[in-house]
Amino acid sequence: MYVVHSTFSVGDHQAEEVISIYKNRSRLVDKTEGFQHFLLLQNDKKPGELTVQLAFQTKDAYLSWVRSEEFKKIHELEKNYPDKELSAVIPTVRQFKVVAT
């Protein structure tokens, strides 16, 4: 399994707005071959710190997603989000190979 975390911070007052966006996400990634799950994680002590966790069967499945037109479409939408503060957020991305369960 291959897991990717994209962590970003927004103002605590914006956290619920971002959570709502993700609750209503397009789910395009869900249709990607090798996709396993999506989670949105909220830091228990810092409500404005959020992490998107995606899990794929393999690194190649993840790379196929990143190179897809659907991926590009989703990220273009994010750039055009009306709230310029949110559209300017740049996540820290970390990639993990699962080595034990």
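## Strands side by side

In this predicted model, strand 1 and strand 3 line up antiparallel, joined by eight bridges. You can pick out one of the pairs: Tyr 2 has Phe 56 of strand 3 as its bridge partner.

Strand 3 has another partner too. It is linked to strand 2 by seven bridges, again running antiparallel. Here Leu 39 pairs with Gln 53 of strand 3. Strands 2 and 3 make a hairpin, and six residues sit between them.

## The whole sheet

Zoom out and you'll find four strands in an open, antiparallel sheet, in the order 2-3-1-4. Strand 2 and strand 4 (92-97) are the edges, each pairing on one side only. Going from one strand to the next, the twist averages 15°.

Strand 4 is held to strand 1 by six bridges, antiparallel once more. Look for Val 3, which stands opposite Phe 96 of strand 4.

## Two helices across the strands

Helix 1 lies across strands 1, 2 and 3, and runs at about 165° to strand 2. Helix 2 lies across strands 1, 3 and 4, at about 115° to strand 3.

Now for the buried part of helix 2: that's Ala 61, Tyr 62 and Trp 65. Their arc around the axis is only 100°, so they end up on the same side of helix 2.

## What's in the core?

The largest nonpolar core has 18 residues, and Leu 54, Phe 56 and Trp 65 are the ones touching the most other members. Two or more residues each come from strand 1 (2-9), helix 1 (15-23), strand 2 (35-42), strand 3 (49-56) and helix 2 (59-66). Strand 3 chips in the most, with four. Seven of this strand's eight residues are buried, so strand 3 is largely enclosed by the rest of the structure.

Phe 56 is worth clicking on. Ignoring neighbours within four places in sequence, its contacts include Met 1, Tyr 2, Val 29 and Phe 35. Also among them are Ala 61, Tyr 62 and Trp 65, the buried residues of helix 2.

## An arginine in a loop

Is Arg 25 buried or exposed? This residue sits in the loop between helix 1 and strand 2. Its relative accessible area is 17%, and buried means under 20%, so Arg 25 counts as buried.

Which residues does Arg 25 touch, not counting those up to four places away in sequence? They are Asp 30 and Phe 38.

Definitions and conventions:
Residues are numbered from 1 along each chain as its sequence is written. This is a predicted model: local features need pLDDT of at least 70, side-chain atom pairs count only at pLDDT 80 or more; totals for chains, interfaces and linings use all residues. Side-chain values use heavy atoms; hydrogens and water are left out. A nonpolar core is a set of buried Ala, Val, Leu, Ile, Met, Phe, Trp, Tyr and Cys residues joined through side-chain atoms within 4.5 Å. Buried means under 20% relative accessible area, exposed over 50%, partly exposed in between (1.4 Å probe, protein chains only). Contact means heavy atoms within 4.5 Å. Two strands pair if DSSP finds at least two bridges between them. The arc is that of the directions from the helix axis to the C-beta atoms. Axes are lines fitted to C-alpha atoms, for helices over the stretch in contact, and angles run from 0 to 180 degrees between N-to-C directions.
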